[in-house]
Amino acid sequence: MTAESRRIVLAARPTGMVDASTTRLETVPVPRPEPGEAVVRVRYLSIDPTIRTWMDDAPGYMPPIELGAVVRSGGIGEVVASASDLYAVGDTVFGMLGWQDHAVVDEAGNTAQVIPEGVDLKATMSVFGVTGMTAYFGLLDVGEMQPGDTVVVSAAAGATGSVVGQVARLRGARRVVGIAGGPAKCRFLVEDLGFDGAIDYKGEDVDERLSALCPDGIDLYFDNVGGAILDACLQHLAMRARVVCCGAISAYNDRSGGHGLKNTFRLITERARMEGFLVLDYLDRFPEAQAEMFGWVADGQVRHAEHVVEGLEHAPEALNLLFTGGNTGKVVVAVDGD
């Protein structure tokens with residue numbers, strides 16, 4: 001009997017949140033490797049907001065996922081069959097493995113990287129992976145954070161925002177303020193991660209709280225959400241402030257226009273700068289950032305949290321958590337539910 005493998009494919013373009021009509025669970029034979037290839041048994045999936053943008057038929061930094069194709073995402077797995085000199089059976093690898101039990105990686109395209117033994121696999125997808133690197137380079141390179149800055153970050157209890165705040169504190173920020181949804185997340189930021197203050201955008205007036213927590217203005221705002229929260233933070237920029245545009249999660253489920261910004265004039269009056277970036281531009285510099293991050297994590301100076309959803313079949317619901325605020329930290333799917 002041929003061994004079977006599950007996969008989740010894009011069945012229809014979503015018009016809002018991902019629902020039962022958007023994806024389809026299929027069963028196919030386990031692939032066999034061609035020369036130069038290896039078959040990976042997927043263990044963990046990295047669930048990131050950008051997956052939702054790839055589902056749209058819209059231009060972006062990567063092409064849209066084709067209808068009927070496996071939903072694209074990063075993942076970690078074990079090589080179970082190999083016809084490659086680069087990947088050996090038993091290797092643990094990270095790559096764009098997708099929402100499936102088994103993926104094929106190719107040495108010609110170097111589509112997966114071997115992970116050294118002893119590394120925390122879920123941390124590889126969060127603080128040591130794209131999430132942590134996004135926080136590191138967005139804050140320090142794009143935002144040019146300086147000691148003494150007042151730093152504000154939105155989606156602060158999420159995978160990227162939580163690291164941004166901690167790195168800012170380690171690099172000498174005068175004040176670090178996080179914006180998150182709900183009292184529990186705000187307590188997590190202050191009591192567990194060492195933020196100086198937190199704003200509950202669901203239950204507090206963001207503008208008023210920014211005035212109270214940042215009386216001298218915001219020197220660096222790390223934006224993960226766009227929309228109304230970005231607009232509120234623009235109103236509080238200090239002279240020569242920097243706004244780092246990392247994501248716009250408030251608009252990913254509605255590309256029709258969303259919240260129009262009214263306070264961009266502050267960029268002029270405060271001689272401020274607003275700049276977007278993609279962490280892919282920093283791939284060649286990951287080792288230097290990972291080395292520093294390893295040290296901080298080992299010393300307990302940077303903490304990380306993973307929100308684990310069990311079972312491949314629940315990957316669509318895991319993606320929706322990012323838009324409902326149902327997660328704290330990095331969302332990871334344990335494919336086998338283990």
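1. A definition helps before anything else: two strands pair if DSSP finds at least two bridges between them. With that in hand, Val 152 has Val 177 in E9 as its bridge partner. Please keep in mind, as you look around, that this is a predicted model.

2. The strands behind that example are E8 (residues 150-154) and E9 (residues 175-180), which pair in the parallel sense over 5 bridges. Both belong to an open sheet of 6 strands, where the order reads E10-E9-E8-E11-E12-E13 and the pairing is parallel. Which strands stand at the edges? They are E10 (197-200) and E13 (273-276); each has a single partner strand, so one side of each is left without a neighbour in the sheet. From one strand to the next, the twist averages 15°.

3. Next, look at what packs on this sheet. Helix H3 touches E8, E11 (218-223), E12 (237-245) and E13, and the direction of H3 makes about 145° with that of E11. Helix H7 (residues 227-234) also packs on the sheet, with E8, E9, E11, E12 and E13 as the strands it touches. The direction of H7 makes about 170° with that of E11.

4. H3 (residues 130-142) has a helix to meet as well: its axis and that of H9 (residues 286-298) come within 10 Å and cross at roughly 100°. Angles of 65 to 115 degrees count as roughly perpendicular, and H3 and H9 are therefore roughly perpendicular to each other. On the H3 side, the contact is made by Gly 132, Met 133, Tyr 136 and Phe 137. From H9 come Phe 286, Ala 289, Gln 290, Glu 292, Met 293 and Trp 296. Sorted by class, the contact of H3 with H9 has 7 nonpolar, 2 polar and 1 charged residues.

5. Elsewhere in the chain you will find antiparallel pairing. Strand E3 (residues 37-47) pairs in this sense with strand E4 (residues 75-82), over 7 bridges; here the partner of Val 40 in E4 is Val 79. E4 also pairs with E5 (residues 92-95), again in the antiparallel sense, over 4 bridges. In that pairing Glu 78 has Thr 92 in E5 as its bridge partner.

6. Finally, a word on empty space. How many cavities of 30 Å³ or more does the count come to? The count comes to 1 cavity, and the largest cavity holds about 40 Å³ of space. Its lining is made up of Ser 126, Val 127, Thr 131, Ala 159, Ser 162, Val 163, His 304, Ala 305 and Lys 330. Helix H4 (residues 159-170) supplies the largest share of that lining, with 3 residues. By class, the lining of the largest cavity divides into 4 nonpolar, 4 polar and 1 charged.

Conventions. Residues numbered from 1 in each chain as written. Predicted model: local features only at pLDDT ≥ 70, side-chain atom pairs only at ≥ 80, totals over all residues. Heavy atoms only, no water. 1 Å grid on protein atoms, 1.4 Å probe; cavity = no way out; pocket = protein on both sides within 12 Å on 5 of 7 lines; lining within 4 Å. Points joined across faces, edges and corners; volume = space filled by probe spheres on them. Helix = DSSP H or I, 4+ residues; strand = E, 2+ residues; numbered from the N terminus. Nonpolar A, V, L, I, M, F, W, Y, C, P; charged D, E, K, R; others polar. Axes fitted to C-alpha atoms, helices over the stretch in contact; angles between N-to-C directions. Parallel < 35°, antiparallel > 145°, perpendicular 65-115°, else oblique. Contact = heavy atoms within 4.5 Å.
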